[in-house]
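Welcome, and please open your viewer. We will go from one selection to the next, with a short note on what to look for at each stop.

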Amino acid sequence: MLDAETPTGLVRRARKIDRVLAETYPDARCELDFDNPFELLVVTVLSAQTTDKRVNAVRPTLFAAYPDAPAMAAAERDKLEQIVGPLGFFRAKTESLLKLSQALVERYDGQVPARLEDLVTLPGVGRKTANVVLGNAFGIPGITVDTHFGRLARRFGWTDETDPVKVEHAIGALFPKRDWTMLSHHLIWHGRRICHSRNPACGACPVAHWCPAYGEGPTDPEAAARLVKTEGRA
């Protein structure tokens, strides 16, 4: 049925799915803790290859020691490594934070720029990280194409693209710009809780009726319910 879907039909179905996910996850938000744009930029960079929970655990110590870009740019490497050590890849992450902070000081007077074209020039910052910061710290709409978002966009039949930038543009064309940031949260929350990469909980999915991938996981409600996570990544 969805093979013959018109462009208008796709838009309507996509927006219906988002409305249902908004009702399902009324508290959807960025699951990284932060108090300002600099903190969000740093914790987003640190979240690569680890969990939000672990990043949130080191955040108070990190920003008590280095509250802003000038302080972090001047950090002693070994002390910074000790703080980010629990996150894994601590040498590479320390190097990333030092380079990022130094670039902020040298190019932007220590302030996080509020334009995507500026953010993506910073060391270790790609479009995904830039859109997280724009949408959540500055209120500027952006689509965050992480692994969850890309997986769900394809499962929902919204796009066949696999390149994150192409996914971002394809999905952006289906939704009003004002919805982009919350759309990202809805899909990421759903991907972390129900629509898992392996064994999605199809029988417990609130948008199963509109999903062409229904059946990739167990459709029995009881079996599916056992797969549902009540929180994001541990």
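Is D109 buried or exposed? Select D109: at 72% relative accessibility, D109 counts as exposed, where buried means under 20% relative accessible area, exposed over 50% and partly exposed in between, with a 1.4 Å probe and protein chains only.

Before moving on, a word on the ground rules. This is a predicted model, in which local features need pLDDT of at least 70 and side-chain atom pairs count only at pLDDT 80 or more, while totals for chains, interfaces and linings use all residues. Residues are numbered from 1 along each chain as its sequence is written, and side-chain values use heavy atoms, with hydrogens and water left out.

**The whole chain**

Show the protein chain as a cartoon. The protein chain has 12 helices and 0 strands; helices (H or I, at least four residues) and strands (E, at least two) are DSSP runs, numbered from the N terminus. Along the principal axes, the C-alpha atoms fill a box of roughly 60 × 35 × 25 Å. The radius of gyration of the protein chain is 19 Å, which agrees with the value near 17 Å for a compact globule of 234 residues; this radius is taken over C-alpha atoms, and the globule rule is 2.2 Å times the number of residues to the power 0.38.

Now colour by accessibility. Buried residues make up 48% of the 234 residues. The accessible surface comes to about 11,700 Å², and 51% of this surface belongs to carbon and sulfur atoms; the areas come from the Shrake-Rupley method with a 1.4 Å probe, and for residues only the protein chains shown count as cover. Among contacts (heavy atoms within 4.5 Å) with a separation of 6 or more, 59% are between residues 24 or more positions apart.

**Helix α2 and its cover**

Select residues 37–46, which form helix α2. Of the 10 residues in this helix, 9 are buried, including F38, E39, L40 and L41. Add α3 (52–65), α4 (69–73), α5 (77–84), α6 (90–108) and α8 (127–137) to the view: these are among the elements that cover the buried residues of α2. At the start of α2, look for a side-chain oxygen of N36, which reaches to within 3.2 Å of the backbone nitrogen of F38.

**Loops worth a stop**

Most residues other than glycine have a negative phi, and most peptide bonds are trans. With that in mind, select Q49, in the loop between α2 and α3. Q49 has a positive phi of about 60° although it is not a glycine, and at 64% relative accessibility Q49 counts as exposed. Return to D109, in the loop between α6 and α7 (116–119): its phi is also positive, near 55°.

Next, pick T121, in the loop between α7 and α8. T121 is partly exposed, with a relative accessible area of 41%. Leaving aside neighbours within four places in sequence, T121 is in contact with R107 and Y108.

**Aromatic rings**

Show the side chains of Phe, Tyr and Trp. How many aromatic pairs does the structure hold? There are 4; rings of Phe, Tyr and Trp (its six-membered ring) pair if their centres lie within 6.5 Å, and planes under 30 degrees apart count as stacked, over 60 as edge-to-face and the rest as tilted. Zoom in on W158 and F175: the ring centres are 5.3 Å apart and the planes are at 55°, so the pair is tilted. W158 sits in the loop between α9 (147–155) and α10 (164–172), and F175 in the loop between α10 and α11 (180–193), 17 residues apart. Both W158 and F175 are buried. Add F156 to the selection, and you have a cluster of F156, W158 and F175 linked by ring pairs.

For a charge over a ring, select R193 and W189. R193 lies over the face of W189, at 3.8 Å from the ring centre; the criterion is NZ of Lys or CZ of Arg within 6 Å of the ring centre and within 35 degrees of the ring normal.

**Last stop: S184**

Finish in helix α11, at S184. S184 counts as buried, at 2% relative accessibility. A polar atom of the S184 side chain lies 3.0 Å from the backbone nitrogen of T144. Not counting residues up to four places away in sequence, S184 touches G142, I143, T144 and F149.

Definitions and conventions: A polar contact is a pair of N or O atoms within 3.5 Å; within protein, one must be able to donate a hydrogen and the other to accept it, and residues adjacent in sequence count only if both atoms are side-chain atoms.
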